[in-house]
Amino acid sequence: MKMEQIVEVEAKKDGKITLMINREKERQQNRENALKSKANTNAEEEDRDLFRETFERRVREVEENLENMQPGDVKNLSKQLYDASGAIQELQNYLSNSTLFLPDYNVKGYQGTITKLVTNLENTKTKLMPKKKFGFKAKTLLTTITDVPALKPLKNISTKAQNVDWTVQNRANEEILLQNDETNNKDLTMSTLTNCLIIIKGHAGSLQLSNLKKCLIVCGPVARSIFADNCEDCTFTFGCQQLRLHSSKDCSLYMHVTCRAIIEDCVNISVAPFNYTYDNIDIDFMKAGLDIKVNNWEDVADFNWLSTDKASPNWRKLSVEERIADFDELISSFRLLIS
């Protein structure tokens, strides 16, 4: 056999050996990946089982405490109700911190359990504690409310499925009011609104806004995220876990954000802490699963600004003097403009 042939044969042998070695390495890597995947799956299942056991035990404890409460000393009863409220908030935090390994359908079920506990707490308080009488302080511009025409009925609103997709679109110079039964736990979408006053009560599941101009949006806490796109010269006030604002300019955000706010392709955005209030707002925050004590309104990430040593020129914090002090007065003024 010629030398060239011998070299060729040997090369083929080497090639086959190399191929076999590579295949064996690939099989070994696949086996290791499969073992890791199985281990991760087992670990996640163990985490889920531990969470379920702990969650159910804590729920039972809260339920038993509420069940055992009796009318009596107001101070002692107030402390019991306060402790129960704190226990429910701890449950909410426990759930929020465990969502990474829990399936969405489980999270929804656990959140429903917490909502029932909050309702139980409210009912127990109503049953055992006498209601306090209170009055509202008069505000200068609120005296003009009687001259404002009645709210126009909502148009173009449809329910596609239970708890999702309330949609408002193509409106101008109107007041849009969504009540609790229209918003609680639902995903709201609004688009193409000009010079509108939007008041969203209750605790929505999520909120998506698109193509808004010269609008005032006053919103209670939103359980998950708020996404706004292509908004101009608008003022927003709301609470949520995470906020994303895209392709917008000349907007003011009064926000309560438990994670962070993100802006992209935005200019002249002003931010301030959420300062809107109404009766039972703390209950709505609890039902939405938001910690009322945690607000990262100053933590704004600008995806168009990568510099770490210089602040983004696309957003700024409003000074105390620049901030809206009373949203009720602003709402009244806005009503007069669109009436």
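Is tyrosine 276 buried or exposed? In this predicted model, tyrosine 276 is buried, with a relative accessible area of 13%. The close-ups below start from that ring and then move on to other parts of the chain.

**Figure 1. A cluster of aromatic rings includes Tyr276.** Ring pairs join Tyr254, Tyr276, Tyr278 and Phe327 into one cluster. Here, the planes of tyrosine 276 and tyrosine 278 meet at 50° with the ring centres 5.7 Å apart, so this pair is tilted. Tyrosine 278 is partly exposed, at 24% relative accessibility, while tyrosine 276 is buried. Across the whole structure, eight aromatic pairs turn up.

**Figure 2. Phenylalanine 274 and phenylalanine 285 pair edge-to-face.** The two ring centres are 6.1 Å apart, and the planes stand at 75° to each other. Phenylalanine 274 sits in the loop between strand S11 (267-273) and H5, whereas phenylalanine 285 belongs to helix H5 itself, so the pair links parts of the chain 11 residues apart. Both partners are out of the way of solvent by the numbers: phenylalanine 274 is buried at 14% relative accessible area, and phenylalanine 285 is buried at 2%.**Figure 3. The largest nonpolar core holds 38 residues.** Leu193, Ile198, Leu212, Phe236 and Met255 have the most contacts inside this core. Strand S10 (residues 249-264) supplies the largest share, with six residues. Look closely at phenylalanine 236: leaving aside residues up to four places away in sequence, its contacts are Leu209, Leu212, Ile217, Cys231, Cys251, Ser252, Leu253 and Tyr254. A second core, separate from this one, has 24 residues, including Ala84, Phe101, Leu117 and Ile283.

**Figure 4. Cysteines 215 and 259 are both free of disulfides.** Why is cysteine 215 not bonded to cysteine 234? The two sulfur atoms are 4.8 Å apart, which is too far for a bond. Cysteine 215 is buried, at 3% relative accessible area. For cysteine 259, the nearest cysteine sulfur belongs to cysteine 240 and is 8.6 Å away. Cysteine 259 is partly exposed, with 39% relative accessibility. The disulfide count for the model is zero.

**Figure 5. Arginine 57 and glutamate 61 form a salt bridge within helix H1.** Their side chains come to 3.6 Å, N to O. Both residues lie in helix H1 (residues 3-68), four residues apart, or about one turn of the helix. Arginine 57 is partly exposed at 38% relative accessible area, and glutamate 61 is partly exposed at 37%. This bridge is one of 11 salt bridges counted in the model.

**Figure 6. Lysine 317 and arginine 316 each take part in a salt bridge.** Lysine 317 meets glutamate 298 at 3.0 Å, N to O. That pair links distant parts of the chain, 19 residues apart: glutamate 298 is in the loop between helix H5 (281-288) and strand S12 (300-302), and lysine 317 is in strand S13 (residues 315-317). Glutamate 298 is partly exposed, with 44% relative accessible area, and lysine 317 is partly exposed, with 43%. Arginine 316 meets glutamate 322 at 2.9 Å, N to O. Arginine 316 is partly exposed at 36% relative accessible area, as is glutamate 322 at 41%.

**Figure 7. Residues 133-166 have pLDDT below 50.** The protein as a whole averages a pLDDT of 78, and 75% of the residues score at least 70. Beyond near neighbours in sequence, the stretch 133-166 has 54 contacts in the model. Where pLDDT is low, the predicted coordinates should not be read in detail.

Key. Residues are numbered from 1 along each chain as its sequence is written. This is a predicted model: local features need pLDDT of at least 70, side-chain atom pairs count only at pLDDT 80 or more; totals for chains, interfaces and linings use all residues. Side-chain values use heavy atoms; hydrogens and water are left out. pLDDT is the predictor's confidence in each residue, from 0 to 100. Contact means heavy atoms within 4.5 Å. A disulfide is a pair of cysteine sulfur atoms within 2.5 Å. Buried means under 20% relative accessible area, exposed over 50%, partly exposed in between (1.4 Å probe, protein chains only). A salt bridge is a side-chain nitrogen of Lys or Arg within 4 Å of a carboxyl oxygen of Asp or Glu. Helices (H or I, at least four residues) and strands (E, at least two) are DSSP runs, numbered from the N terminus. A nonpolar core is a set of buried Ala, Val, Leu, Ile, Met, Phe, Trp, Tyr and Cys residues joined through side-chain atoms within 4.5 Å. Rings of Phe, Tyr and Trp (its six-membered ring) pair if their centres lie within 6.5 Å; planes under 30 degrees apart count as stacked, over 60 as edge-to-face and the rest as tilted.
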